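Work through the exercises below with the sequence and the model open. Try each task before reading its solution.

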Amino acid sequence: MSEIYQTIEDLAPNLPPMRALMGLDLGTKTIGVAVSDSMRSVATPIETVKRKKFGVDAQRLVDIIKDRNIGGIILGLPMNMDGSEGPRAQSTRAFARNLAPLVDLPIGFWDERLSTVAAERALLEADTSRKRRSEVIDHVAASYILQGVLDRLTHIGSGAL
């Protein structure tokens with residue numbers, strides 16, 4: 001069973017070396033998925049999973065984990081702008097608790113405030129059509145979440161806090 005860590009600082013020493021991380025942006029209808037390279041320097045959006053039932057969704061994530069040799073999972077935690085947690089954050093924590101018995105990987109959270117806004121802005125700047133934006137926004141948001149973690153891990157590794 002996986003350990004769930006509340007902070008990246010607690011998660012960092014428990015990540016296996018030279019394995020990619022997976023970032024998830026949990027929505028009510030979709031799950032955006034991004035993965036890093038094994039050096040954990042770049043997050044790449046890879047797919048949006050259409051949500052069905054937890055078991056079906058989890059199996060797709062487990063398949064990606066196996067295919068890509070994932071070493072840890074990061075879930076975007078949808079905090080309120082005042083820093084408090086609402087129902088969506090509680091739902092994300094419940095998803096992590098349900099996923100933990102299915103994967104033997106450390107799981108962590110990252111404050112995802114404004115990640116979807118940043119992803120939307122980047123897609124608009126790239127002149128992406130409205131239809132295409134709606135298809136890719138979730139996994140692009142997942143890559144923003146994961147990139148934030150990768151950057152934080154770099155700072156932790158360098159001794160900078």
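**Exercise 1. Is leucine 15 buried or exposed?**

Solution.
- Start with the ground rules. The model is predicted: local features need pLDDT (the predictor's confidence in each residue, from 0 to 100) of at least 70, side-chain atom pairs count only at pLDDT 80 or more, and totals for chains, interfaces and linings use all residues. Numbering starts from 1 along each chain as its sequence is written, and side-chain values use heavy atoms, with hydrogens and water left out.
- Fix the cut-offs. Buried means under 20% relative accessible area, exposed means over 50%, and partly exposed is in between, with a 1.4 Å probe and protein chains only.
- Read the value. Leucine 15 has 9% relative accessibility, so it counts as buried.
- Place the residue. Leucine 15 sits in the loop between helix 1 and strand 2. Helices (H or I, at least four residues) and strands (E, at least two) are DSSP runs, numbered from the N terminus.
- List its contacts, that is, heavy atoms within 4.5 Å. Beyond its neighbours within four places in sequence, leucine 15 meets Leu21, Arg40, Gly71, Gly72, Pro106 and Leu153.
- Check one pair. Leucine 15 and glycine 72 are 57 residues apart in sequence, yet 6.3 Å apart in space, C-alpha to C-alpha.

**Exercise 2. Describe the fold and the confidence of the model.**

Solution.
- Count the elements. The protein has five helices and six strands.
- Write their order. From the N terminus it is β-α-β-β-β-α-β-α-β-α-α.
- Assess the confidence. Mean pLDDT is 87, and 82% of the residues reach 70 or more.
- Find the extremes. Helix 4 (residues 115–125) is lowest, at a mean of 65, and helix 2 (residues 54–68) is highest, at 97.
- Take the burial. Of the 161 residues, 47% are buried.
- Look at contact range. Among contacts between residues at least 6 apart in sequence, 67% join residues at least 24 apart.
- Finish with the surface. The accessible area (Shrake-Rupley method, 1.4 Å probe; for residues, only the protein chains shown count as cover) is about 8400 Å², and 53% of it belongs to carbon and sulfur atoms.

**Exercise 3. Which residues other than glycine have a positive phi in the loops before strand 2 and strand 4?**

Solution.
- Recall the background. Most residues other than glycine have a negative phi.
- Take the loop between helix 1 and strand 2 (20–26). Methionine 18 lies there, and its phi is near 55°.
- Take the loop between strand 3 (30–36) and strand 4 (43–50). Arginine 40 lies there, with a positive phi of about 60°.
- Add the burial. Arginine 40 has 15% relative accessibility, so it counts as buried.

**Exercise 4. Characterise three helix residues and one loop residue.**

Solution.
- Threonine 92 is in helix 3. It is buried, at a relative accessible area of 3%. Leaving aside neighbours within four places in sequence, threonine 92 contacts Leu26, Leu75, Gly76, Leu77, Pro78 and Phe109.
- Phenylalanine 54 is in helix 2. At 28% relative accessibility it is partly exposed. Not counting residues up to four places away in sequence, phenylalanine 54 touches Phe95, Asn98, Leu99 and Leu102. Its C-alpha lies 8.9 Å from that of leucine 99, across 45 residues of sequence.
- Lysine 66 is also in helix 2. It is exposed, at 62%. Lysine 66 and valine 103 are 37 residues apart in sequence and 9.9 Å apart, C-alpha to C-alpha.
- Proline 101 is in the loop between helix 3 (87–99) and strand 6 (107–111). It is partly exposed, at 49%. Proline 101 and serine 2 are 99 residues apart in sequence and 6.3 Å apart, C-alpha to C-alpha.

**Exercise 5. What is the volume of the largest pocket, and which residues are closest to its centre?**

Solution.
- Define the object. On a 1 Å grid over the protein atoms alone, a pocket is an open set of points where a 1.4 Å probe fits, with protein on both sides within 12 Å along at least five of seven lines; lining residues have an atom within 4 Å of a point.
- Give the volume, the space filled by probe spheres set on the points, with points joined across faces, edges and corners. It is about 160 Å³.
- Name the centre. Of the twelve lining residues, Gln6, Leu77, Met79, Trp110 and Asp111 are closest to it.
- Assign elements. Helix 1 (8–11) and strand 6 each supply at least two lining residues. Strand 6 gives the most, with three.
- Sort by type. The lining has five nonpolar, two polar and five charged residues. Nonpolar covers Ala, Val, Leu, Ile, Met, Phe, Trp, Tyr, Cys and Pro; charged covers Asp, Glu, Lys and Arg; the others, Gly among them, are polar.
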